[in-house]
Amino acid sequence: MQAKKRYFILLSAGSCLALLFYFGGVQFRASRSHSRREEYSGRNGLHQPSPDHFWPRFPDALRPFFPWDQLENEDSSVHISPRQKRDANSSIYKGKKCRMESCFDFTLCKKNGFKVYVYPQQKGEKIAESYQNILAAIEGSRFYTSDPSQACLFVLSLDTLDRDQLSPQYVHNLRSKVQSLHLWNNGRNHLIFNLYSGTWPDYTEDVGFDIGQAMLAKASISTENFRPNFDVSIPLFSKDHPRTGGERGFLKFNTIPPLRKYMLVFKGKRYLTGIGSDTRNALYHVHNGEDVLLLTTCKHGKDWQKHKDSRCDRDNTEYEKYDYREMLHNATFCLVPRGRRLGSFRFLEALQAACVPVMLSNGWELPFSEVINWNQAAIIGDERLLLQIPSTIRSIHQDKILALRQQTQFLWEAYFSSVEKIVLTTLEIIQDRIFKHISRNSLIWNKHPGGLFVLPQYSSYLGDFPYYYANLGLKPPSKFTAVIHAVTPLVSQSQPVLKLLVAAAKSQYCAQIIVLWNCDKPLPAKHRWPATAVPVIVIEGESKVMSSRFLPYDNIITDAVLSLDEDTVLSTTEVDFAFTVWQSFPERIVGYPARSHFWDNSKERWGYTSKWTNDYSMVLTGAAIYHKYYHYLYTHYLPASLKNMVDQLANCEDILMNFLVSAVTKLPPIKVTQKKQYKETMMGQTSRASRWADPDHFAQRQSCMNTFASWFGYMPLIHSQMRLDPVLFKDQVSILRKKYRDIERL
């Protein structure tokens, strides 16, 4: 048996050798004869086709390296597939391995902080309105610097938003223009904004020039090409998107149950051919004409009739029957399928309308996905499982639906309602990457008031902010610091400022008193101040301007601040009651003097009034309690132009603080008790404190209102009719049963 196996192995080996010699010899002879024929043909000037070979001649596996920008100059006989050519010429694929650690110079930021430089606009270069809004948002932010030597990040003035070659906004020769910039440095520490890339028919993500090591803030970017912790995915927004402010969300009431007329809606184009057509062409399978309305039309483009299918006429007829905004406002879920590109305008439209987005765009890196948890505000679907969408959303509990809708409103107002917020969110994300030790966590980004208003430079501990006490299980502060703004000299021991100081010091919640001396006269001697049970610190204002009362002084050791004008008249009981109310609303301004705003139709501007009506929108900081974090925001968040205006007028600082707090909280302040008079009526009319009697004072405040509203982009003040009084206030019961009995006597 063993002998047969050996004979079989030997016979097989011999056969293989014979075949190799045979075919090798034939190929050798054929190649020799081919070379002879070529030699003969060369001598006689003839060209003959070569005979077929037994074995195909494969190209070399290892081709020589060609730089991507020289490929088009090479011999056209070198075969390159369309995908290889696209990849080779694509700026996205070229720097695909870039990360902050490898393609960003951190030393520029650690030296001067996070500052952003915008290149000066070049003569003759056209810039679309959307890109002008982006540049204006950067130049108006606290990050902007006009000195490139101070910059940490650079932004081009060349319009890179629309890189579709068929678009009228397309900028030609961008590659050479970018390379000629003396600060370009192969894109290092540069940020490029882009909304549209690629063109018909494949709509690739190529922006059409070498971005080098630059970061992309790009819409419709795929997870495949997105470079984590380097690029920033931004939403696709229209040219009509407001530059600042923006409309508030459409969710006015938390209706229970949170269901609307329609369960799921969509209205948009249907592409008959090309990329993005598969999903939208299949929507009719889910449409039921009742509570699921998925309406499409193929009536778009110049030659749509050439490609129309059997469903086009029927779809177009039904498409015209429904108003899009009516559908949007009366739907619980809004389908957001991909278009030609991964992103869609429907995304932001659904967020604003409190219509929970149902994402149907496989591979799309959702906007600001690095910091936003989209599972709290959207349903992430799969294009391959389209038919399961209706049953999936019907199974979601009503409590979850309400939570999703509320989160859409928060995200819309915090990050997406204007171009400015989109740009600032992008910059804040990049800043968090650079200064990781003080970066914001997921709770800050995904909970009110959001990452734009919680500045990590103030503190890295959430308990130092007024918004997270409940999340951390903390009680509000139990003590306050009284800050008295003094602007008149101390000439008598009966002056209101001394009475006020004693009344505040007697409060059981008072930790210390700070007198901010903004008077032109020298500081009074220590013995001139009354003796109190709490420390009294007198700080002389360096600049002696109105905004200095809101500086974040290190001397303020408590989170709560009782802000007082020197001529305010308050009793200890009133101070105690206001503070106990503030402990229940630590993110708001709580106090006594209330004012209101209104829209003047005749003058088409905002008006300011001190008349007593049934509502109010401001509580003046002459007698109010708030969190000391607002001192930091006032100083570091608001632009210098507004603070300079306040200082020049010596007016409106209290209005500006109310604008800021209402913009952050989206809530009105809180007035306590019905007290109307809170100023010392006997104050001399010749002092700086008598500015209330100045005839220009009221006109200045009217002007301030409109200047502030213009900067914010909208009117942040909110009217309220709520007034909080002590329990049993004015009730016909024994005075001994009332805790704050002295308030009724005032």
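These are legends for a set of close-up views of a predicted model.

**Figure 1. The whole chain, before we zoom in.** The protein runs to 746 residues, and 52% of them are buried. Its secondary structure adds up to 23 helices and 23 strands. Take the contacts between residues at least 6 apart in sequence, and 75% of them turn out to join residues at least 24 apart.

**Figure 2. R341 and the residues around it.** Here we're in the loop between β10 (331-337) and α12 (346-352), which is where R341 sits. R341 has a relative accessible area of 16%, so it counts as buried. If you want a polar partner to look at, try S197: its backbone oxygen is 3.1 Å from a polar atom of the R341 side chain. S197 is also on the list of residues that R341 touches, together with D164, Y196, G198, Y203 and S220; that list leaves out residues up to four places away in sequence.

**Figure 3. The second largest pocket and its lining.** This pocket holds about 900 Å³ of space. There are 35 lining residues, and R248, E413, H448, T665 and K666 are the ones closest to the centre. Four elements give two or more residues to the lining: α14 (398-416), α15 (419-434), α22 (653-665) and α23 (695-712). Of the elements, α14 gives the most to this pocket, with six residues. By class, the lining of the second largest pocket has 17 nonpolar, eleven polar and seven charged residues.

**Figure 4. The largest cavity, with some familiar residues.** Rolling a probe the size of a water molecule over the atoms shows where empty space is left. The count comes to four cavities of 30 Å³ or more. The largest cavity has a volume of about 70 Å³. Its lining is made of G245, G246, E247, R248, E413, S417, K421, K666 and Y714. R248, E413 and K666 also appear among the residues closest to the centre of the second largest pocket. Sorted by class, the largest cavity is lined by five charged residues, three polar and one nonpolar.

**Figure 5. The second largest cavity and its lining.** About 60 Å³ of space lies in this one. Around it you'll find V265, F266, K267, Y324, M327, L328, C334, L335 and R346. β8 (262-269), α11 (324-329) and β10 each chip in at least two lining residues. Seven of the lining residues of the second largest cavity are nonpolar and two are charged, with no polar ones. For orientation, β10 is also the strand that comes before the R341 loop.

**Figure 6. The largest nonpolar core, seen around F480.** This core has 91 residues, and the members that touch the most others are F480, I513, F659 and F708. As for elements, α22 gives the most to this core, with eight residues. Helix α22 also turned up in the lining of the second largest pocket. Leaving aside residues up to four places away in sequence, F480 touches A504, S507, Y509, C510, A511, Q512, T558, A560, L562, V575 and F579. Apart from the largest core lies another one, of 78 residues, with M215, I372, W412 and V423 among them.

Conventions:
Residues numbered from 1 in each chain as written. Predicted model: local features only at pLDDT ≥ 70, side-chain atom pairs only at ≥ 80, totals over all residues. Heavy atoms only, no water. Buried < 20%, exposed > 50% of the residue type's maximum accessible area, 1.4 Å probe, protein only. Polar contact = N/O pair within 3.5 Å; in protein donor to acceptor, adjacent residues only side chain to side chain. Contact = heavy atoms within 4.5 Å. 1 Å grid on protein atoms, 1.4 Å probe; cavity = no way out; pocket = protein on both sides within 12 Å on 5 of 7 lines; lining within 4 Å. Points joined across faces, edges and corners; volume = space filled by probe spheres on them. Nonpolar A, V, L, I, M, F, W, Y, C, P; charged D, E, K, R; others polar. Core = buried A, V, L, I, M, F, W, Y, C linked by side-chain atoms within 4.5 Å.
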